[in-house]
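I opened a fresh page today to go through this protein step by step. These are my notes, kept short for a colleague at the bench.

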Amino acid sequence: ETVASLSHSLRTLDLRVCDPSAPSAVSAKALAVLMTAPALHTLRLDYSQISLGPRGGLLGTLANAPALHTLALNLRGNALGPSGAQALAALKRSRSLRSLTLNLRQNAVQGFGARWLAGLSALPSLRTLVLNVGANSLGYGGGEAARGAAGVARAAEPDPRSRLQRPRPHRRQGARRAE
């Protein structure tokens, strides 16, 4: 309700939700208020490790925010899964978004989700995309999709615990390296 009362004059919002029992902060009603804030241009939301699950994909509806040009979402450790990643990919419908930072570490995004997210780089207005998908077991195809968004994006460096790395070719025993 506080955000609703400020929605007409709100320009920047930096919100961190620390309590796992407060998932209502990502309700359709709360997002509707943010989407209709006519002057909101910068939004930073930290919803790390509050057990959102696939409903975290509701944040994709922020694509409809009229003036939003900078969006940073920290959704680390929320088990969004591929369906949550697909829903977040709806951000590519935004007409005003210029800078997007998504921290999706430890979300079980998998290869399919990474492919959806890689499509965000096609957003015409986007100038900066920071996509952190480490520790998601993306597989080779998903990792390549995330890295492939590098035209305007920077995929996070591969996490040694994720399966993003390219498989190494096997060397025959006794084969020598070229010097």
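What follows are my entries, from the whole chain down to single residues.

**Entry 1: the whole chain**

I started by noting that this is a predicted model. I then counted the elements and found 5 helices and 6 strands in the protein. Reading along the sequence, I wrote down the pattern α-β-α-β-β-α-β-α-β-α-β.

Next I looked up burial, and buried residues come to 45% of the 179 residues. The exposed surface is about 9,800 Å², and carbon and sulfur atoms supply 53% of it. I also checked the contacts with a sequence separation of 6 or more: 83% of them join residues 24 or more positions apart.

**Entry 2: strands S1 and S2**

How do S1 and S2 pair, parallel or antiparallel? Strand S1, residues 12–16, pairs with S2 in the parallel sense, over 5 bridges. For one bridge I noted the residues: Thr12 has Thr42 in S2 as its partner.

Strand S2 covers residues 42–46, and I marked it as mostly covered, with 4 of its 5 residues buried.

**Entry 3: strand S3 and its partners**

I moved on to strand S3, residues 70–74, which pairs with S2 in the parallel sense over 5 bridges. Two of the bridge pairs went into my notes: Arg44 with Ala72 in S3, and Asp46 with Asn74 in S3.

S3 is also mostly covered, as 4 of its 5 residues are buried. I then looked at S4, residues 99–103. S3 and S4 run parallel and are joined by 5 bridges. Here Leu71 stands opposite Leu100 in S4. To get from S3 to S4 the chain passes through H3, and this β-α-β crossover is right-handed.

**Entry 4: two residues of S3**

I picked Thr70, which lies in strand S3. Setting aside residues up to four places away in sequence, Thr70 touches His41, Thr42, Leu43, Leu97 and Ser99. Thr70 and Leu43 are 27 residues apart in sequence, yet 6.3 Å apart in space, C-alpha to C-alpha. I also found a polar contact of 2.9 Å between the side chains of Thr70 and His69.

Asn74 is in S3 as well. What does the side chain of Asn74 reach? It is the backbone nitrogen of Arg76, at 3.2 Å. Leaving out neighbours within four places in sequence, I listed the contacts of Asn74 as Leu45, Asp46, Tyr47, Ser48 and Asn103.

**Entry 5: helix H3**

Which residues of helix H3 are buried? In this helix, residues 81–88, I found Gly81, Gly84, Ala85 and Leu88. They lie on the same side of H3, because they cover an arc of only 100° around the axis. I jotted down the background: an α-helix has 3.6 residues a turn, so residues three or four places apart point the same way.

Then I asked what the buried residues of H3 pack against. They pack against S3 and H4.

**Entry 6: positive phi in two loops**

I went looking for odd backbone angles, with this reminder in the margin: most residues other than glycine have a negative phi.

Ala79 has a positive phi of about 55°, although it is not a glycine. I placed Ala79 in the loop between S3 and H3.

Gln106 is another residue other than glycine with a positive phi, near 55°. I found Gln106 in the loop between S4 and H4. Is Gln106 buried or partly exposed? With a relative accessible area of 32%, Gln106 is partly exposed.

**Entry 7: Arg105**

My last stop was Arg105, in the loop between S4 and helix H4, residues 110–118. The relative accessible area of Arg105 is 16%, so I wrote this arginine down as buried, the cut-off being under 20%. Arg105 and Gly134 are 29 residues apart in sequence, and their C-alpha atoms are 4.9 Å apart in space.

To close the page, I put the two loop residues side by side: Arg105 is buried, whereas Gln106 is partly exposed.

Terms used
Residues numbered from 1 in each chain as written. Predicted model: local features only at pLDDT ≥ 70, side-chain atom pairs only at ≥ 80, totals over all residues. Heavy atoms only, no water. Buried < 20%, exposed > 50% of the residue type's maximum accessible area, 1.4 Å probe, protein only. Contact = heavy atoms within 4.5 Å. Areas by Shrake-Rupley, 256 points an atom, 1.4 Å probe, with all protein chains shown as cover. Pairing = 2+ DSSP bridges. Polar contact = N/O pair within 3.5 Å; in protein donor to acceptor, adjacent residues only side chain to side chain. Arc of directions from axis to C-beta. Right-handed = clockwise from strand over helix to strand, strands pointing away.
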